[in-house]
Every structure is written in structure tokens, then in C-alpha cells.
Amino acid sequence: MNRAYEDLKVDIGLLPQSLASTNATGKYYNMAEYREALAILTVGNITAAGTAALQIMEATTEAAGSAQALTSYVATIAANVKVASLSITCVGGVVDDTLVITVGGVAYTFTGKAAEDTAAQEFKADGDDTADATSIVNCVNVTLAGKITATNALGVVTLVADDGYYIEAIAETGAFTTFATLSAQAYVWLDSMALTDTYGWIACKVTTGGNTGICNAVLIRGKSKGAIAQKMGANYPA
């Protein structure tokens with residue numbers, strides 16, 4: 001049985017770089033020996049209303065000859081929607097403020113009260129931002145154990161989705177928080193038959209809207225007609 005690195009060719013789709021309301025396209029790779037490709041985008045910070053889109057480009061040569069977009073092969077990440085991690089900055093929370101976190105298809109509502117009651121999904125809200133954040137963390141870690149892990153640093157809550165989950169959405173009432181995406185991923189899969197005639201090279205294009213942070217992409221080609229040899233600076237096993 002072949003090891004994964006003998007079945008899949010892994011390459012740099014886009015070098016890690018800061019992209020804010022702009023776009024960048026990575027190196028073009030030859031699909032002549034491959035029947036499918038998977039491009040994976042990883043994004044760091046995405047500010048409110050920001051986006052990051054991954055798209056497959058095709059060309060006739062490695063030098064981007066006659067390059068054009070495969071318009072249907074695009075995946076877009078929106079801030080705070082289906083993300084891997086995000087932050088919640090607390091400012092002046094009061095009783096009856098609510099925080100709604102959706103994970104696993106279920107919306108969980110946490111409500112600010114005079115005293116903390118994790119079983120009732122009630123956090124202490126008295127305007128002390130660090131204390132409020134600590135109480136939110138306590139409630140989230142009880143209610144969403146195994147789905148989301150929460151931590152607090154000086155009034156800023158960080159939510160990280162556990163393995164097998166993502167944070168589908170987050171909302172509030174009371175305007176006592178600011179949300180910011182810390183990390184998210186997207187992928188685009190391509191069958192080589194989707195390429196235009198005479199177009200045999202593909203690349204990853206990333207386009208951002210808003211003050212998006214560091215982006216990078218990995219390109220994986222599979223179902224090779226021949227043996228695959230990875231070309232990397234270091235590897236194990238050697």
C-alpha cells in the first residue's frame with residue numbers, strides 16, 4: 001500500500017503573505033500527469049465584513065500563458081462564519097446582554113446576569129470586562145465541551161473549534177462585544193476534465209475584501225499516471 005506522499009503531490013499554491021483588499025496568484029503547475037487537484041486556503045485575521053476567496057486559475061503554459069479564471073471553482077470565507085477560531089472583545093457588558101454561538105448546527109445562547117450559572121448558560125455581566133470574559137469562558141467550556149475551547153486574556157475571549165467542528169456563526173444583543181476571525185480555511189477541488197482545451201496548467205488565486213491578514217494556499221495533485229516524487233527541502237522518512 002502506498003504512503004500518502006507517494007499518492008499525492010504537494011506544492012506551494014501561494015506563499016504566505018498579507019493581503020488586504022487585493023489579490024495574488026501563485027505559481028502554475030502542470031496537470032498533464034494528474035487527474036484531480038485540491039487547493040486549500042488558510043487565512044489568518046479577517047476583520048468584520050471581510051472576506052477571502054480561493055479560486056483556481058488555468059493557463060496554457062507555466063508562465064501563465066493566456067491565463068484565465070475557472071469561474072465556477074471558487075470558495076469564499078466570510079468573517080466569523082464557518083471559521084476555525086475567533087476572538088470576542090468584551091466592552092461594558094450588562095445584564096440581559098446575550099451571546100449566541102452556533103456550532104454543530106445548534107445555536108447556543110448565553111445570557112448576561114448578575115451572577116454566573118454555567119448550567120443555565122448565564123454569565124456574570126457587570127461591566128468588568130475581564131471578569132465578564134472569564135465568566136463567558138466558564139459557560140462556553142461547560143456547554144460546548146468537546147466542540148469549542150474558550151480562553152480569556154484581559155477581556156478578550158478566544159474561541160477555538162475542536163477537531164471535527166467549526167464555529168458556524170456568532171451574534172450578540174446589547175452591542176457589548178467586537179468579533180474578529182483569527183483563522184479559517186477553504187478548499188476547492190478540481191477534476192482535470194474541467195480544464196479548457198489546450199489549458200493544462202493551474203494555479204491558486206486568493207482575493208480578499210477588507211483588512212484580511214496572512215493568507216497562504218497549498219496545492220495537492222492526485223491520481224497521477226506515474227510515480228510521484230516530492231520536491232521539498234526536508235522530509236521524513238528520508
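1. In this predicted model, Ala 194 counts as partly exposed, its relative accessibility being 26%. The residue belongs to the loop that runs between strand 14 (177-191) and strand 15 (201-209), and, once neighbours within four places in sequence are set aside, its contacts are with Leu 70 and Tyr 73. Val 94 lies 100 residues away from Ala 194 along the chain, and the C-alpha atoms of the two are separated by 54 Å.

2. A second long-range pair involves the segment after strand 16 (214-222), where Lys 231 has its place. Lys 231 and Ala 32 are 199 residues apart in sequence, while their C-alpha atoms are 18 Å apart in space. With a relative accessible area of 67%, Lys 231 is exposed, because the term applies to values over 50%.

3. Strand 7 (residues 85-90) deserves a look together with its partners, since five of its six residues are buried and the strand is therefore mostly covered. Five bridges connect strand 7 with strand 12 (residues 156-161) in an antiparallel arrangement, and in this pairing Ile 88 stands opposite Val 157. Strand 7 is also joined to strand 14, again with antiparallel direction, by six bridges; here Thr 89 has Thr 178 of strand 14 as its bridge partner.

4. The largest nonpolar core has 56 residues, and the members that touch the most other members are Leu 99, Ile 101, Phe 110, Val 140 and Leu 159. Apart from this core lies another, of five residues, including Tyr 28, Met 57, Ala 59 and Trp 201. As background, nonpolar side chains in soluble globular proteins tend to be buried together. The surroundings of Leu 99 can be listed in some detail: beyond its neighbours within four places in sequence, Leu 99 is in contact with Ile 88, Tyr 108, Thr 109, Phe 110, Ile 136, Ile 170, Ala 171, Glu 172, Phe 176 and Phe 179.

5. An open sheet is formed by four strands in the order 10-9-8-13, with mixed pairing. Strand 10 (122-124) and strand 13 (169-173) are at the edges, and because each has a single partner strand, one side of each is left without a neighbour in the sheet. On average, neighbouring strands of this sheet are turned by 25° against each other when direction is ignored. Strand 9 (residues 106-113) and strand 10 run parallel and are joined by three bridges, one residue pair being Thr 111 with its bridge partner Glu 122 in strand 10. Helix 2 (residues 129-143) lies across strand 8 (98-103), strand 9 and strand 10, and its direction relative to strand 10 is about 155°.

6. Which cysteine sulfur is nearest to that of Cys 139, and how far away is it? By the distance rule the count of disulfides is zero; Cys 139 is in no disulfide, and the nearest cysteine sulfur, in Cys 90, is 12 Å away. Cys 215 has its closest cysteine sulfur in Cys 204, and because the distance there is 12 Å, the pair is too far apart for a bond, the cut-off for a disulfide being within 2.5 Å. Both burial values are at the bottom of the scale used here: Cys 139 is buried with a relative accessible area of 0%, and Cys 215 counts as buried at 0% relative accessibility.

7. Asp 11 is a residue to check by eye, as a buried acidic position: its relative accessibility of 13% makes it count as buried, because the term covers values under 20%. Asp 11 is found in strand 1 (residues 8-18), and, not counting residues up to four places away in sequence, it touches Tyr 29, Val 218, Leu 219 and Arg 221.

8. Some backbone details remain. Most residues other than glycine have a negative phi, and most peptide bonds are trans. Ser 21, in the loop between strand 1 and strand 2 (23-25), has a positive phi near 55° and is exposed, with a relative accessible area of 51%. Lys 223, placed in the segment after strand 16, likewise has a positive phi, of about 55°, although it is not a glycine, and at 45% relative accessibility it counts as partly exposed. Tyr 236 and Pro 237 are joined by a cis peptide bond with omega about 0°, and Pro 237 is found in the segment after strand 16.

Technical notes. Residues are numbered from 1 along each chain as its sequence is written. This is a predicted model: local features need pLDDT of at least 70, side-chain atom pairs count only at pLDDT 80 or more; totals for chains, interfaces and linings use all residues. Side-chain values use heavy atoms; hydrogens and water are left out. Helices (H or I, at least four residues) and strands (E, at least two) are DSSP runs, numbered from the N terminus. Buried means under 20% relative accessible area, exposed over 50%, partly exposed in between (1.4 Å probe, protein chains only). Contact means heavy atoms within 4.5 Å. A nonpolar core is a set of buried Ala, Val, Leu, Ile, Met, Phe, Trp, Tyr and Cys residues joined through side-chain atoms within 4.5 Å. Two strands pair if DSSP finds at least two bridges between them. Axes are lines fitted to C-alpha atoms, for helices over the stretch in contact, and angles run from 0 to 180 degrees between N-to-C directions.
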